[in-house]
Structure formats: structure tokens, C-alpha cells
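Open the model in your viewer and keep the selection panel at hand. The stops below say what to select next and what is there.

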Amino acid sequence: MKILDKYLLKTFLITFTTVFVILFFIFILQTVWLFISELAGKDLDLILVVKFLLFSMPRIIPLVLPLSVLLASIMTFGNLAENYEFAAMKSSGISLQRAMRSLIVFIFVLSIVAFWFANNVIPYAEYKFINFRKNIAQAKPAMAIAEGQFNDVGFYNIKVNKKSGENGNILTGVTIHEKPTNTGENKTVIKAKSGKLMSNEKSSILKLVLNDGYYYQDVTPKKYEDRAKLPFIKGAFKKQIINIDLSELNKTDDDKENISNTNGMLNVSELRYTLDSLNKNLDNEIISFSENINQRVGIRKSPTPLKTDKKKKDLPNNLLSLYTTKEKSDVIKMASSNVTSNIYSIETTQNDLKEKQRDINKHLTALYEKFVIAFACFLMFFIGAPLGAIIRKGGLGLPIVFAVLIFITFHFINTFGKRLSQEGAMNPFIGSWMSSFILLPLAVLLTYRATNDNGLINFDAITTPISQLFQKISERFFPAQNQK
């Protein structure tokens with residue numbers, strides 16, 4: 001390796017490491033701020049807090065790493081251009097591409113490490129992070145319930161307006177939604193003025209004592225016509241005890257790879273296996289429903305052609321004329337009920353299929369994101385390096401402004417694309433790669449302009465065609481003035 005390559009690599013590594021540490025610290029503070037309600041005032045040991053932060057750190061890397069590459073590239077090449085070191089290189093016959101060669105190799109290695117990190121470390125950390133929070137709920141049950149929002153605890157969604165007491169176990173304004181078992185709707189709602197959490201570290205049962213409350217339970221009639229009335233049962237109580245079994249909620253084994261059905265906890269091979277299963281289940285459900293609905297409406301797979309015999313010719317055009325008035329009314333009511341029931345079944349199945357497709361899209365997005373982070377390192381380097389050479393400014397001033405604007409654009413487009421793809425409005429591949437596809441022409445343009453020693457914006461290329469257009473208009477409508 002030549003002296004120039006060593007010098008550029010050393011300068012870039014020092015800047016990159018400094019920027020990465022600073023940004024990582026800032027994003028860690030943001031994580032602490034997001035989960036401050038779960039950490040503050042819970043009487044947690046320092047070791048638990050450190051574990052909590054350690055398990056949450058890897059999820060920050062996909063944000064910090066591309067931004068660090070971008071900012072370090074702009075600062076490094078901006079300093080070189082500002083101190084006329086690039087001018088000295090070019091006078092010696094060294095082009096921008098030759099100066100970037102050693103750094104390109106480093107970015108290539110960094111991209112491989114980023115992919116490995118996203119494929120192995122982040123899923124494991126996500127798995128440990130979620131299960132660690134659940135395990136704390138057993139030892140510190142008050143931590144499982146945050147104020148002012150619904151919290152998933154066992155088979156219940158619990159919301160409290162205020163917590164008090166030494167360990168936060170005294171609850172005020174309790175609202176509980178019992179999770180459905182077979183249907184997709186909450187059938188039971190419990191509201192109480194106050195409550196108290198009672199637990200034992202040796203027991204997996206969390207006891208919730210409610211005082212002065214009501215419960216509401218929806219009732220689903222057997223007849224579909226009666227469902228429009230929305231019947232329900234209401235009751236009151238002075239004291240009620242709810243036992244929440246946390247054994248399944250907190251069941252974790254560090255020695256076993258019990259990966260939950262969360263796309264963030266899966267690596268590439270597991271995501272592909274899960275996607276194959278999800279797609280097969282979706283196809284089977286569509287085929288099963290189509291066969292079922294065809295049987296209900298009387299459609300056969302291969303209908304036999306009707307024979308045009310004498311009996312068929314003698315049939316009346318209006319079949320209802322064969323029945324009495326009462327029988328006509330019964331037939332119409334039955335047909336209307338069947339149509340309403342079929343429409344309800346179709347709408348319910350349609351919503352279920354949309355939810356399954358949304359789950360597939362989320363897994364596809366998680367799969368593509370592991371490759372996007374690796375490509376983002378390359379993309380940000382080829383945007384930042386030529387941009388720094390063009391603006392010729394180093395330090396923490398103008399480079400930070402450009403880096404933040406570019407990264408916010410990248411992150412916004414990436415988030416927007418993922419949201420659209422998860423909802424089915426866009427193909428997951430396009431949604432995941434949309435930010436890279438949009439910024440790739442910018443990287444090519446900046447590299448081309450920096451190689452040819454052009455500025456960031458060529459104003460002559462913009463103003464010259466406009467002035468020529470006005471000149472042609474003036475010559476056409478004011479010929480006399482132009483002759484003078």
C-alpha cells in the first residue's frame with residue numbers, strides 16, 4: 001500500500017470513528033428517552049439497566065452506520081480539498097477515483113460486516129431485548145404497565161391513567177381489554193376506578209385486584225339478523241381478582257433458539273423459510289375459501305351442460321309463479337339471508353387475507369432491509385466523497401448540513417416506501433429499495449462532476465437557455481427594437 005493510500009485511509013478512519021461514536025451516543029440517548037417511562041422509578045438494578053441498553057444498541061446501527069459514512073466522507077474529502085491537497089494530487093496525475101481506491105476497499109469490507117451484523121447480531125439482540133422486557137415484568141410487574149397507553153400483559157391489554165405506591169403497583173383508572181381466543185374482536189371490557197398489582201418472584205402468577213368497576217361483554221347471536229342490535233352484558237363489582245399467568249409470557253431459554261413470530265428476530269434463511277410457509281398458507285386459504293363459497297352458492301367446478309328437452313321448454317320463465325304468496329315470501333327471505341351471510345363471510349375473509357398479506361409484506365421488507373443497509377454504506381460514500389471534494393469545506397459546519405439533509409431524505413423515503421409496501425400499496429422490493437434507487441443518480445452525478453472539476457450546480461447551464469429563450473421571444477415580437 002502506498003503512502004497516499006495509508007494517509008487517506010488513516011484520515012478517513014479517524015474521522016469515521018469519531019463521528020460514529022458521537023452519533024451512536026446521540027441515538028442511545030434517544031433510546032433512553034423513548035423507554036424512560038419503563039426505566040425511571042422502577043427500582044431496577046444497574047445491571048438490568050445496562051442489559052436493557054446493550055440489547056437495544058444493535059437496532060441503532062442501521063441508522064448510525066450510513067450517516068457516519070456519509071458525514072465522514074464529506075468531512076475527509078472536504079478537508080483535503082480545502083487544504084489544496086487534492087490540487088496537489090491532481091497536479092501529480094492522481095485522479096479522484098485513484099484517491100478513493102483504498103477507501104472503496106474499506107467500504108466494501110464495511111458493507112459485508114454491516115450485512116453480517118444485520119443478519120445475525122440484530123435479530124439475536126431483538127429477540128433478547130423483547131424477552132428481557134418480558135422477564136422484567138415478572139420480577140417488576142409495575143414495569144409491564146406504562147401510564148396512558150395499552151400494555152400487552154398475558155391475555156389482557158391493560159391501560160391505567162396513573163400509577164402510585166412505592167413500586168408503582170397502585171393503579172388508578174384501569175381499563176382492561178380481554179384478548180379474543182377464536183375471533184378477532186375484543187368481546188370483554190373491564191373498567192375499574194382503582195386496582196393493585198400483587199406478585200411474587202417465585203410465582204409466575206401476577207394478581208391484579210380491581211375495586212369499584214364494571215365489565216361489558218359483547219354477545220354474538222346465532223342469527224345474523226340479530227347481530228345488528230349489538231347485544232351485550234353489563235355487570236358491576238366491588239372487588240374482582242384477575243390472575244395473569246406470566247409463565248408463557250416470560251418463558252425464555254437462552255440455550256434454545258426459540259425465535260418468536262417477529263420478522264425483526266429472523267435472519268435471511270429463517271425469513272425465507274417463514275415466507276415460504278406464509279405464502280403456502282395464504283394460497284391454501286384462498287383455494288379453500290373459493291371452494292367453500294362455491295359450494296354455498298351452488299357453483300360446481302365443471303358444470304354439466306343442460307339438456308334442451310321438452311320438460312325444460314315447458315318450464316315457466318318466472319319460477320316464483322309456481323309457489324304461493326307465503327312460499328314466495330319465505331324463499332325471498334331465505335335468499336336474502338343467504339346473500340347477507342355470504343357477503344359477511346367474504347368481507348371477513350377478505351380482511352383476514354389482507355392481514356396475512358400484510359404479514360408477508362413485513363417479512364419481505366425485513367429481508368430486503370438486510371441488503372439495503374449494506375448497499376447504503378456504498379451509496380453514502382459515493383455521495384459524500386465527491387460532495388466533499390466539490391464544496392471544499394471540512395470540519396463540522398457545512399458538511400453536517402449537507403449530511404443531515406441527504407440522510408433525512410434517504411431515511412424519509414425509506415420509511416415511506418416500507419410503510420407503503422407493508423400496506424400492500426407498493427411492491428415490497430420497490431418499497432425497500434426506493435430510497436437507494438432515488439439517490440443513486442445523485443451519487444453518479446456528484447462523482448461525475450467531482451471528477452471533471454465542476455461545481456455543485458452549473459448556473460450557466462440553467463441561465464443560458466433561459467436568456468436565449470427570452471432573446472428569441474424578443475426578436476419575434478419586437479423586431480424593430482432589435483434592428484436598432
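Burial is graded by relative accessible area: buried means under 20%, exposed over 50%, and partly exposed in between (1.4 Å probe, protein chains only). The model is predicted, so local features need pLDDT of at least 70 and side-chain atom pairs count only at pLDDT 80 or more, while totals for chains, interfaces and linings use all residues. Residues are numbered from 1 along each chain as its sequence is written, and side-chain values use heavy atoms, with hydrogens and water left out.

**Whole chain**

Start with the protein chain in cartoon view. The protein chain has 13 helices and 6 strands; these are DSSP runs (helices H or I, at least four residues; strands E, at least two), numbered from the N terminus. Of its 484 residues, 34% count as buried. A surface view would cover about 30,100 Å² of exposed area, 59% of it supplied by carbon and sulfur atoms; the area comes from the Shrake-Rupley method with a 1.4 Å probe, and for residues only the protein chains shown count as cover. Taking contacts (heavy atoms within 4.5 Å) between residues at least 6 apart in sequence, 68% join residues at least 24 apart.

**Aromatic rings**

Rings of Phe, Tyr and Trp (its six-membered ring) pair if their centres lie within 6.5 Å; planes under 30 degrees apart count as stacked, over 60 as edge-to-face and the rest as tilted. The model has 18 aromatic pairs by this rule. Select F381 and F382: the ring centres are 5.5 Å apart and the planes stand at 80°, so this pair is edge-to-face. F381 is buried at 0% relative accessibility, whereas F382, at 24%, is partly exposed.

Next, select W433 and F437, whose ring centres are 6.2 Å apart with planes at 20°, so the pair is stacked. These two residues are 4 apart in helix α11 (residues 428-451), about one helical turn. W433 is buried at 14%, and F437 is partly exposed at 42%.

Return to F381 and F382 and widen the selection. Ring pairs link them into a cluster with F12, F16, F20, F24, F77, F106, F108 and F378.

For a charge over a ring, select K234 and Y214. K234 lies over the face of Y214, 5.4 Å from the ring centre; the rule asks for NZ of Lys or CZ of Arg within 6 Å of the ring centre and within 35 degrees of the ring normal.

**Salt bridges**

A salt bridge is a side-chain nitrogen of Lys or Arg within 4 Å of a carboxyl oxygen of Asp or Glu. The structure holds 6 salt bridges. Select D212 and K238, which meet at 4.0 Å, N to O. D212 is in strand β5 (residues 205-218) and K238 in strand β6 (residues 232-245), so the bridge ties together parts 26 residues apart in sequence. D212 is partly exposed at 35%; K238 is exposed at 67%.

Move to K356 and E285, with the closest N and O atoms 3.7 Å apart. K356 belongs to helix α9 (residues 325-391) and E285 to helix α7 (residues 268-297), 71 residues apart.

Stay in helix α9 and select E355 and R358, 3 residues apart, or about one helical turn. Their side chains form a salt bridge at 2.6 Å, N to O. Add E423 to see a network of salt bridges linking E355, R358 and E423.

**Last stop**

Which helix holds I400? I400 is in helix α10 (residues 398-422) and is partly exposed at 28%. Select L70 as well: I400 and L70 are 330 residues apart in sequence and 9.5 Å apart in space, C-alpha to C-alpha.
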